[in-house]
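Please open the model in your viewer and keep the sequence panel beside it. The stops below say what to select next and what is to be found there.

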Amino acid sequence: MLTKSLTLTEQVAGKLASDITAGVYPVGGKLPTGKALAQLYGVSAAVIREATERLRAQGLVESRQGAGCTVVSRTASPGFQVPGRATLDRAQLASVYELRMELEGGAAALAAARRSEADLACMAACLAALENPLSHADDQGVEQDIGFHGAIAVATHNTYYQQLLQYLNLQVRAAVRIARENTQQHQADLVVDVHQEHVALYQAIAARDPQRARAAAVLHLQRAAARLRLDFSSFDSKPTP
């Protein structure tokens, strides 16, 4: 039975982790398909994606496109982790954004140097979906926003950038949703600005300009943090109004 004390993602991930520990899903075996898990728990496919990504970040499963999730350990890894949504306070969220600025700035620079036409097409598809203001705050818009940044990570052609940024984006998914809702409901005139930040980043990567891509990525995240009213008092420079 799922309760309201934790998010659906946390509840599903916790239940799956418990089942893995108990041997319900043995090491070397596969988890049920995303569709089957969504039906089992009565949640959306997006929740299942988030939950299985949490398991991957904990070292419990490995996932391959088209091959599902394979259990690789019965105990979670004690390695690097960021607090989940329920325990991530504003100071911690600011620290995560600060980390993202450095990592995603570097990823954007690498993507500009290494991207393929297929990488650009993936970014462009996310941008096209995000261009519609009506989808700015819904779950699909959140997925496309995170998907755009994920596509940039893929374009680095560096597996470790992809894995780490995917993990960080998962942890701040709630913040992304809040930021998008805030932009639409309270600062509707900023919707176009947010989209143009994405476009500027895409154009820099398309132009194979690493320095410009890095600057565009950092500026976008600075402005996103400012829209969330996060405190970066230690920064030498402030986001451009």
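The tour goes from the whole chain to single elements and residues, and ends where confidence is low.

**Before selecting anything**

This is a predicted model, in which local features need a pLDDT of at least 70 and side-chain atom pairs count only at pLDDT 80 or more, while totals for chains, interfaces and linings use all residues. Residues are numbered from 1 along each chain as its sequence is written, and side-chain values use heavy atoms, with hydrogens and water left out.

**The whole chain**

Colour the chain by pLDDT, the predictor's confidence in each residue on a scale from 0 to 100; the mean is 82, and 76% of the residues reach 70 or more. Switch then to secondary structure, where helices (H or I, at least four residues) and strands (E, at least two) are DSSP runs numbered from the N terminus. There are ten helices and two strands, and from the N terminus the elements follow the order α-α-α-β-β-α-α-α-α-α-α-α. Of the 241 residues, 45% count as buried, where buried means under 20% relative accessible area, exposed over 50% and partly exposed in between, with a 1.4 Å probe and protein chains only. Contacts, meaning heavy atoms within 4.5 Å, link distant parts of the sequence: among those with a separation of 6 or more, 72% join residues 24 or more positions apart.

**Helix 1 and the largest core**

Select residues 8-22, which form helix 1. Its 15 residues reach 21 Å from the first C-alpha to the last, close to the 21 Å expected at 1.5 Å a residue, the expected span being 1.5 Å times one less than the number of residues. Its buried residues, including Val12, Leu16 and Ile20, pack against helix 2, helix 3, strand 1 (61-64) and strand 2. Just past the helix, glycine 23 has a positive phi, near 90°.

Which residues have the most contacts inside the largest nonpolar core? They are Val12, Ile20, Leu31, Leu55 and Val61, in a core of 19 residues; a nonpolar core is a set of buried Ala, Val, Leu, Ile, Met, Phe, Trp, Tyr and Cys residues joined through side-chain atoms within 4.5 Å. Two or more residues each come from helix 1, helix 2 (34-41), helix 3 (45-57) and strand 2 (68-71), with the largest share, five residues, coming from helix 1. Centre next on leucine 31, which, leaving aside neighbours within four places in sequence, is in contact with Ile20, Tyr25, Thr52, Leu55, Val61, Cys69 and Val71. A second, separate core has 18 residues, and Ala108, Phe148, Ala155 and Ile205 are among them.

**Helix 4 and its surroundings**

Move to residues 90-114, helix 4, and pick out glycine 106, which counts as buried because its relative accessibility is 8%. Not counting residues up to four places away in sequence, glycine 106 touches Tyr161 and Arg214. Its C-alpha lies 8.8 Å from that of alanine 213, although the two are 107 residues apart in sequence.

**Helix 9, helix 10 and two arginines**

In helix 9, select glutamine 196, which is partly exposed, with a relative accessible area of 43%. The C-alpha atoms of glutamine 196 and glutamate 131 are separated by 9.3 Å, with their positions 65 residues apart along the chain.

Follow the chain into the loop between helix 9 (190-206) and helix 10, where arginine 208 is found. Its phi is near 55°, a positive value in a residue other than glycine, and at 44% relative accessibility arginine 208 counts as partly exposed.

Helix 10 covers residues 210-227, and its 18 residues should span 26 Å at 1.5 Å a residue, which agrees with the 26 Å between its end C-alpha atoms. Its buried residues include Ala213, Ala217, Leu221 and Arg227. In the segment after helix 10 lies arginine 229, with a positive phi of about 60° although it is not a glycine; this arginine 229 is exposed, with a relative accessible area of 61%.

**The last stop**

Finish at residues 236-241, over which pLDDT stays under 50 and for which the model has nine contacts beyond four places in sequence. Where pLDDT is low, the predicted coordinates should not be read in detail.
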